[in-house]
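Me: I should like to examine a structural model through a series of questions. Please reason briefly in each reply and finish on the value or name requested.

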Amino acid sequence: LGNAAAAMAGMARHYAGFEARFGGKPCVGATMFGVTTPCVTVAREFLEDHGYEVLVFHAPGVGGMSMEALMRSGHITGVLDVTTAELADELAGGVLAAGPDRLEVAGALGLPQVVTLGGLDIVNFGPSDTVPERHRERHLYRHNPAVTLMRTTRAECAELGRRIAAKLNRAAGPLTVFIPRRGLSSIGTVGGVFHDPS
């Protein structure tokens, strides 16, 4: 405990500052899941080629919360919110929700945002035996032994649209929203297990 306290005191006394790690480049936060990785990779490379530092956050609840905490502290000055999937978990009771305020911080701070609906076709649960009884008859996909995915319904998608619109309509800064027309994730495209044009 003494060593841990000394380490924390040393870091606090000699804090070099977050910005110094990036050579003063403007820092953009981006959200990603495996099902949105190709989109985030292309966007990240583009931004880096244009002088930005991009911090990519895996979006299992804590990722979105961490990114938004860095916005509040002034370290992230722009947002590429490709993976808003945490909102689907919040709505449908999944295990990777980021709380009811997710997608509100950048707008409240007036930060520029590019937002898309990546992963909103997915609600996350643990192993298949942990899926709540009320969802057992839903369209489920066993991603791996530790992760079971549930397809959002048309009604859930409509409600997510209303919630996202309400949050983004309050944004004080520049905002662009992209709506994918061929699926909300790589498993929601034609031939994917969650493909559902409706």
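Me: Which residue has its backbone oxygen 2.9 Å from a polar atom of the side chain of Thr 37?

Reply: This is a predicted model, in which local features need pLDDT of at least 70 and side-chain atom pairs count only at pLDDT 80 or more, while totals for chains, interfaces and linings use all residues. Residues are numbered from 1 along each chain as its sequence is written, and side-chain values use heavy atoms, with hydrogens and water left out. Thr 37 belongs to helix 2 (residues 37-49), where helices are DSSP runs of H or I with at least four residues and strands are runs of E with at least two, numbered from the N terminus. The backbone oxygen at 2.9 Å from a polar atom of the Thr 37 side chain is that of Phe 33.

Me: Is Thr 37 buried, partly exposed or exposed?

Reply: Buried means under 20% relative accessible area, exposed means over 50%, and partly exposed lies in between, with a 1.4 Å probe and protein chains only. The relative accessible area of Thr 37 is 27%, so the residue is partly exposed.

Me: What distance separates the C-alpha atoms of Thr 37 and His 58?

Reply: Along the chain, Thr 37 and His 58 are 21 residues apart. In space, their C-alpha atoms are separated by 9.8 Å.

Me: Which residue has its backbone nitrogen 2.8 Å from a polar atom of the side chain of Glu 86?

Reply: Glu 86 is located in helix 4 (residues 86-92). With a relative accessible area of 1%, Glu 86 is buried. Its contacts (heavy atoms within 4.5 Å), not counting residues up to four places away in sequence, include Pro 60, Val 62, Leu 96 and Arg 102. The backbone nitrogen 2.8 Å from a polar atom of the Glu 86 side chain belongs to Gly 61.

Me: Which residues are linked with Glu 86 in a network of salt bridges?

Reply: A salt bridge is a side-chain nitrogen of Lys or Arg within 4 Å of a carboxyl oxygen of Asp or Glu. The structure holds 11 salt bridges. In the network that includes Glu 86, the other members are Glu 68, Asp 81 and Arg 102.

Me: How far apart are the closest N and O atoms of the salt bridge between Arg 138 and Glu 156?

Reply: Arg 138 lies in the loop between strand 5 (122-125) and strand 6 (140-144), and Glu 156 in helix 6 (residues 154-169), so that the pair links distant parts of the chain, 18 residues apart. Glu 156 is buried, because its relative accessible area is 13%. The closest N and O atoms of Arg 138 and Glu 156 are separated by 2.7 Å.

Me: Which residue meets Glu 133 in a salt bridge?

Reply: Glu 133 counts as exposed, its relative accessibility being 62%. The partner of Glu 133 is partly exposed at 34%, and the N to O distance in the salt bridge is 3.5 Å. That partner is Arg 136.

Me: What is the angle between the planes of Tyr 141 and Phe 194?

Reply: Rings of Phe, Tyr and Trp (its six-membered ring) pair if their centres lie within 6.5 Å; planes under 30 degrees apart count as stacked, over 60 as edge-to-face and the rest as tilted. A search of the whole structure finds 1 aromatic pair. Tyr 141 and Phe 194 form this edge-to-face pair, with 6.3 Å centre to centre and an angle between the planes of 70 degrees.

Me: Why does the pair of Tyr 141 and Phe 194 tie together parts that are apart in sequence?

Reply: Tyr 141 is partly exposed at 28% relative accessibility, whereas Phe 194 is buried at 0%. Tyr 141 lies in strand 6 and Phe 194 in the segment after strand 8 (175-178), so the pair ties together parts whose separation in sequence is 53 residues.

Me: What phi does Leu 103 have?

Reply: Most residues other than glycine have a negative phi. Leu 103 is in the loop between helix 4 and helix 5 (105-109), and at 3% relative accessibility it counts as buried. Although Leu 103 is not a glycine, its phi is positive, at about 80 degrees.

Me: Is Val 82 buried or exposed?

Reply: Val 82 is found in strand 3 (residues 78-83). Leaving aside neighbours within four places in sequence, Val 82 is in contact with residues including Thr 31, Cys 39, Val 40 and Leu 117. Its relative accessibility is 4%, so Val 82 counts as buried.

Terms used. A polar contact is a pair of N or O atoms within 3.5 Å; within protein, one must be able to donate a hydrogen and the other to accept it, and residues adjacent in sequence count only if both atoms are side-chain atoms.
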